[in-house]
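Q: Please take a close look with me at how helices pack in this model. I am new to this, so please explain the terms as you go.

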Amino acid sequence: MKEMLKKLTAVLLLGFMLSVALATALSNKKTRSDEENRELESFPKFTLSSVTDGSFFSGLESYASDHLFKRSKWLSVKSHISRETGENLVNGVFIGEDSLLDAEMSDREINGKAVEIINAFADSYKGTVYVAVIPTSSGVYGDKLPAYLLENPESRQISGLYGRISDDVRKIDAYNILKMLNDNYIYFRNDTKWTSYGAYCVYRTVIQKLGFLPTPYDKYTIMHITDKFRGNLYNRTLYTDTKSDLIDIYDYPNGEKVVSCVSSDKYGNKQKKELYDMKMAENGYMYDMYLGEPVPVIEIETTVNNEKKLLVIKDSYADCFIPFLTQHYNKITVVSPEFTDGKLSDYADINDYEQTLILFGIENVNSEKLFRDELLS
Amino acid sequence: MEYSSLLYIYGFLPISLAVYYLIPKKHSEKALLGLSMLFCGFSSLYFLIFMAVYILLNYTMCRLTEYIKQKGSIAEIPLASMVIIDITAIFAFRAPYMEWFRNTVHAPEIFYPLGISFFTLSAVGMLTDIYKGRQKAEKNLIRYALYIVFFPRLYMGPCMQYSEFSKILDRQKRGFAQTGTGLCIFVKGLVKKVIIADSLYLLYSAVNKIGHENLTALTTLLGMTAYILCLYFTMSGIADMGRGTAECFGYRFPDSFPYPLFRYRVRLFASRWLTGVTGWFRTYIRKPLTSSSRNPYIRLVFFVLAWGMLGFWFKFSITGFVAGMIIGLVISAEGYILKKGTLKITGVFCTLIATLLWGVFLSEDSISDALSMISALFGRYGFADSLTFYFIRAYILLLAIAVFFATPAAKKLIRKAERQKTGIVISFIKPVLALAFLIICTAYISANQNADTVLFRL
């Protein structure tokens, strides 16, 4: 009897192992996971050197784990088990009562690259430079996190950064504006980024510094594009018990209109596009609905009857912010250094613009693509 | 390749079992050696070559030592030279200050022969035994190679003498029933490592993030408890996975961690923590050292030093040495202080304190850090704060489960239940439970690919 049961155990476990292995081997291999919003590991190259130093086998290991049969199911099971057993941290994400928060912000040590690039840019530039560094949801909602994750809060990181940027640059204190309004829906529940409303609140201050009067809130018609958005924090946990997020468009029916919106890729090929790409809001990373799929440069021309031009150097935080600016400038050029190669001057003649706004999230401050030496060389 | 990686569980393990069952019994040792070499090759070709050279060199020197000894010449030469080479190898890879050596031999930066701490002990022990005449040199190269490199005991032992190992090889029992038992042990180890230890690590690393001046006594205590339990569950988990794999092939290895924590004597804790290694240090270092002198004070010093060396083996640093010495000191003090009539509970309490000190020194990288941790334990920075209660709320369930399964209580409970009428139900539940845990562990592994652990590279 006992022997039988032992044999049964062997058959059961080995059978399970082999069927998972087989299912993994035979399943269709995707190159990208929409749920996790990242490229999956491809099969490692079998060469003499990769076998010798073992990188082939570690590659195989990541490949196996990325292409495990029903991988996303496994991940979400783990998130739910953790939550049920009282463990709030999954993959560096804190699972809170009603929202997910990045738990790793205190580990961020700011290298001086961003400061160096911004100061060098300001030196060579004739106009005025404005900088706005945007905190993540963890920075604004830090009080929801346990204290040991707050050793190095984002407010301190941002003020430290501002302290090192030269005095010629006008700095915008986005942190305190957002912190004051944190009863409102200014950040996504499943993403580190701000919502359109958060962007609007900061816009009111920014635009005054830039020399205009902000458009009052009641002039806008707000359109809900989707209520199914789950962002980068969801991608890391696949935790579904938090409410999904809304993505809104702030439309000003009687306001100025966008006349043309042209994107150009790395090679200078131009293409017409829209300020909003509704197709992106259907699945995948829906936040990309703002300004559409990421491109190196976008040139926006509006019906505004002034000669004002603005240069925006930004990361994805600015995507939902830019639409507010179209009420004030005749021409806005938006550069995303993350998606460009080479110099800034290849894409725009900076001295054509009297004002430059540098807007990025503190989480990207150490990004090597965003702040790199070649940009200004 | 770790035992708790998907590639091992869903690739290497089932495939090697299939190979093993397809090959006739008389070739099974050859097959296992082939699989072990493949296992090494799976971390890198470099490792495979290193192991092959290591085995051949040690094998030759064993034979040579025996040959010269029989001739009556000086067998110390091959013995000493090989022991020195083996010890140099372990220092070269484990000691951080031997960086220059690694650079001169152009070892790839990431290359580390995992398990070197264990197979060095095996190789050196065997050489000594041959020299002393306690053991004949193994002529069969395949068996000797298996002794060094058999993959289920490569990472976490159990460390044992060659005679014991060859007895286990002789007593092999092939069969599906053994594989079933082995897989159960494997899953048990997997649960220990992947679910319990990795979750405990989160608590430990959370406490570790707090600056020393903000550490209240209770928080520090929680952190250190998590550290020691995490160390136990990680190491015994890996040991169980290895032991379970060996059982799948029909070899029964002894348990390296027969419930060391919560004992009523420090001596029991120390001898049950990596039993094989403690035994090795007793046989080859402590006994020869302490029996070299009759002066009780010198013997005491040697005794403590030998324990310090074990600590140093464990963590290649001065704090490891101190941690070992603490255990040695407490063991020798125990004999005087705790008389036979002492209550068990007092003994348990003393052992816990000694274990705590040991853990503090193991976890910190410098003596001054360890001392400041100890002062935090005494409440230098306050007794408790809101953070402490947050940790207690979030981790109380995990800690309770971990403590329960670190004591033999759980095992006793199951044994008791098996003897009663419910026993039959339990034996039916077991296979289902094993499968369920395997599934949960898979979910954990796929979510925590890059989970850090407290484990030193042994």
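A: What follows is a walk through helix packing, one pair at a time, and then a glance at the chain contact. This is a predicted model, in which local features need pLDDT of at least 70 and side-chain atom pairs count only at pLDDT 80 or more, while totals for chains, interfaces and linings use all residues. Residues are numbered from 1 along each chain as its sequence is written, chains are lettered from A and ligands numbered from 1 in the order in which they are written, and side-chain values use heavy atoms, leaving out hydrogens and water.

Let's start with helix α9 (residues 176–209) and helix α10 (residues 217–248) of chain B, whose axes come within 7 Å and cross at roughly 160°. Helices here are DSSP runs of H or I with at least four residues, strands are runs of E with at least two, and both are numbered from the N terminus. Axes are lines fitted to C-alpha atoms, for helices over the stretch in contact, and angles run from 0 to 180 degrees between N-to-C directions. The angle therefore makes α9(B) roughly antiparallel to α10(B); under 35 degrees counts as roughly parallel, over 145 as roughly antiparallel, 65 to 115 as roughly perpendicular and the rest as oblique. The crossing of α9(B) and α10(B) is left-handed, a word used if the near helix is turned anticlockwise from the far one by less than a right angle, with clockwise giving right-handed. In their contact (heavy atoms within 4.5 Å) there are 21 nonpolar, 12 polar and 6 charged residues. Ala, Val, Leu, Ile, Met, Phe, Trp, Tyr, Cys and Pro count as nonpolar, Asp, Glu, Lys and Arg as charged, and the others, Gly among them, as polar.

Next come α13 (residues 296–314) and α14 (residues 318–337) of chain B, with axes 6 Å apart and an angle of about 140°. That makes α13(B) oblique to α14(B), and the crossing is right-handed. Among the contact residues are W307(B) and G308(B) of α13(B), and G324(B) and G328(B) of α14(B). This contact divides into 12 nonpolar, 6 polar and no charged residues.

Now look at α15 (residues 344–363) and α16 (residues 367–377) of chain B, which pack at about 140° with axes 8 Å apart. α15(B) is thus oblique to α16(B), in a right-handed crossing. L356(B), L357(B), V360(B) and F361(B) of α15(B) meet I367(B), A370(B), M373(B), I374(B) and L377(B) of α16(B). The residues here are 9 nonpolar, no polar and no charged.

Finally, step back to the two chains: their contact takes 54 residues from chain B and 48 residues from chain A. The area buried between them is about 4,400 Å², with carbon and sulfur atoms giving 75%; buried area is the accessible area (1.4 Å probe) that two parts lose on being put together, summed over both. In chain B, Y10(B), F176(B) and K209(B) lose the most area to chain A, together 13% of what that side buries.
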